[in-house]
Amino acid sequence: MRLPLFSVFFIALTIVNSQDKYPKNVFANPLDIPLVLAGTFGELRSNHFHAGIDIKTQRRQGLPVYSIADGTVTRIKISHWGYGKAIYVAHPNGYNSVYAHLQKFSPEIEAYIKKEQYRKKSYQVEVFPDYGELEVKKEAVIAYSGNTGGSSGPHLHFEIRSSVTEKPTNPLFYGYEVRDATNPTLVGLFGYPLSENAQINQNANKIQLNFTKQSDGTFLADKVTALGTIGFGFNGFDRQDMAENKNGVYSVKQTVNGKVHSKYKFETFSFGETRYINTLIDYAHFGKFKQRIQKCFKDETNKLNIYESLYLDGKILVQEGFDYKVVLEIADIMNNTITVVIPVEGKKESLKREKKILKTDNYILANKPNSYDLDAAKVYFPPSTFYNDFFIDLEKGADTVTIHNNTVAVHRNFTITFDTDKFPKEEHKRLFIARIDDKGNLRHNKTYKRGNTFTTRTKTLGSYTMAKDTVAPKIRPKNFKPKEWLSNYRYLSLKITDDLSGINTYSATINGNWVLMEYEPKTNTITYNFDDKIENETQCDLKVVVTDNVGNSTTFEQTFFRK
């Protein structure tokens with residue numbers, strides 16, 4: 001039985017101001033279980049904000065997913081990564097809904113997309129049905145929850161977007177129920193000297209601040225002495241009542257002596273600006289410690305439109321002899337709030353730690369093109385590859401080059417070009433450009449080959465080299481044996497792996513007829529569903545061909561029987 005939209009799990013708290021403009025009680029629940037979140041809207045992710053909410057599916061797959069309103073399917077996309085199996089529905093009231101990481105679609109939609117997959121002979125497809133071609137009704141089953149794509153566990157990724165601007169908005173604005181009376185958690189507090197001669201606690205560099213929880217529930221930082229233009233940042237998370245997940249917070253407000261200096265919230269954002277998340281966080285800290293510090297001040301290169309109020313870009317000018325009371329209010333969407341008080345005294349002191357600036361032989365002007373010859377390779381940075389000017393650390397090499405490190409954010413692709421003239425011509429086909437990860441493993445980068453010139457485009461700094469892959473992929477059956485009778489089997493499953501450059505393509509036929517194999521990279525598994533009924537002969541000759549990213553290919557052939 002479907003749960004009503006307003007169930008006993010609702011916390012009757014008023015969400016004010018911006019949320020009042022969104023329709024309430026219009027959309028149905030996309031699942032018929034209580035909404036418990038594994039991820040919140042606007043949550044900080046790698047190079048992007050989370051565009052929806054992740055709804056837990058009780059560690060199960062196959063739960064019915066319902067259309068939240070009458071509408072028409074406008075897009076279906078199936079990918080190995082990203083959203084996996086996803087469906088997009090347009091509604092007459094000006095909103096679109098998105099459902100992702102699905103296991104499969106409803107029978108009508110499944111038949112529609114499978115027809116397209118067989119026509120293109122590809123598991124990965126993207127189609128845009130004509131408006132009205134696939135109509136759906138409110139609360140009709142349109143899919144089943146799963147774990148496909150870049151999902152790290154079974155859940156439903158759910159979005160509501162404006163059909164006019166295509167911007168996602170926080171789905172919890174529309175009256176959906178989550179049980180949440182839990183305050184956000186403060187993990188760390190940081191101070192930033194920003195101007196040339198600024199200091200905090202006799203330090204010219206970023207400094208972590210101590211704080212204690214008070215009897216009234218607020219947090220009080222140890223008194224800060226400072227001078228010049230400074231800023232503050234924090235890292236923390238939010239939890240809902242029925243989940244242990246460390247989710248993102250909704251809003252942050254910073255006041256100085258009662259005046260709002262900065263306020264931002266995750267109501268909506270544009271996909272075109274989402275990569276500017278790297279200007280909201282302390283990216284150098286993230287690259288080093290994998291912790292995201294949110295800055296309460298706005299950098300000049302920050303083009304995000306999440307800010308509701310700004311004064312001096314959230315920066316604080318501290319003058320000698322004056323006292324300042326800085327207050328941070330960090331809240332979730334249910335208005336559960338933690339308050340952090342930072343007392344600041346304007347005081348000039350002798351520095352114990354001078355400002356640390358890495359200086360190298362090469363200086364990047366972010367708004368200009370920059371190119372360098374590193375012997376083994378050449379690197380070209382188009383204008384606006386980076387957000388800020390900085391000294392870049394470049395290491396030349398005969399075989400390997402190092403292009404700075406992961407403490408600097410990259411906004412757009414740059415190119416790395418290797419000359420392969422020193423390699424024998426017969427080896428060129430098996431060569432590719434590889435990034436060397438932190439553990440020393442080689443990671444394939446898509447390589448464009450033109451004669452002796454090999455090029456890759458990337459947004460990742462680090463070490464790169466030329467690598468050679470001569471080993472073909474491996475294929476082995478998972479749930480059947482040679483000449484076995486499989487009359488009662490629902491599916492056929494094989495495991496495919498590659499030791500270096502990675503799987504590029506795979507295809508399968510039964511008695512010469514192409515069959516759809518669903519690929520799950522997380523388990524290295526390809527699966528054929530016998531419901532497709534491609535072959536009705538008793539003897540079935542299966543042929544699977546798998547090719548890696550440099551063209552090494554393996555063919556697997558085996559016969560089975562089926563009535």
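Colleague: Which residues does Thr72 touch, not counting residues up to four places away in sequence?

Modeller: This is a predicted model, in which local features need pLDDT of at least 70 and side-chain atom pairs count only at pLDDT 80 or more, while totals for chains, interfaces and linings use all residues. Residues are numbered from 1 along each chain as its sequence is written, and side-chain values use heavy atoms, with hydrogens and water left out. Contact means heavy atoms within 4.5 Å. With that exclusion, Thr72 touches Tyr88, Val89, Ala90, Asp130, Tyr131, Gly132, Glu133, Leu134, Glu135 and Val136.

Colleague: Is Thr72 buried or exposed?

Modeller: Buried means under 20% relative accessible area, exposed over 50%, and partly exposed in between, with a 1.4 Å probe and protein chains only. The relative accessible area of Thr72 is 2%, so Thr72 is buried.

Colleague: Which strands stand at the edges of the open sheet of four strands with the order 40-41-45-44?

Modeller: Strands are DSSP runs of E, at least two residues, numbered from the N terminus, and two strands pair if DSSP finds at least two bridges between them. The pairing in this sheet is antiparallel. An edge strand has a single partner, so one side is left without a neighbour in the sheet; these are strand 40 (474–477) and strand 44 (518–520).

Colleague: What is the bridge partner of Tyr519 in strand 45?

Modeller: Strand 44 and strand 45 (residues 525–529) pair in the antiparallel sense over three bridges. In strand 45, the partner of Tyr519 is Ile526.
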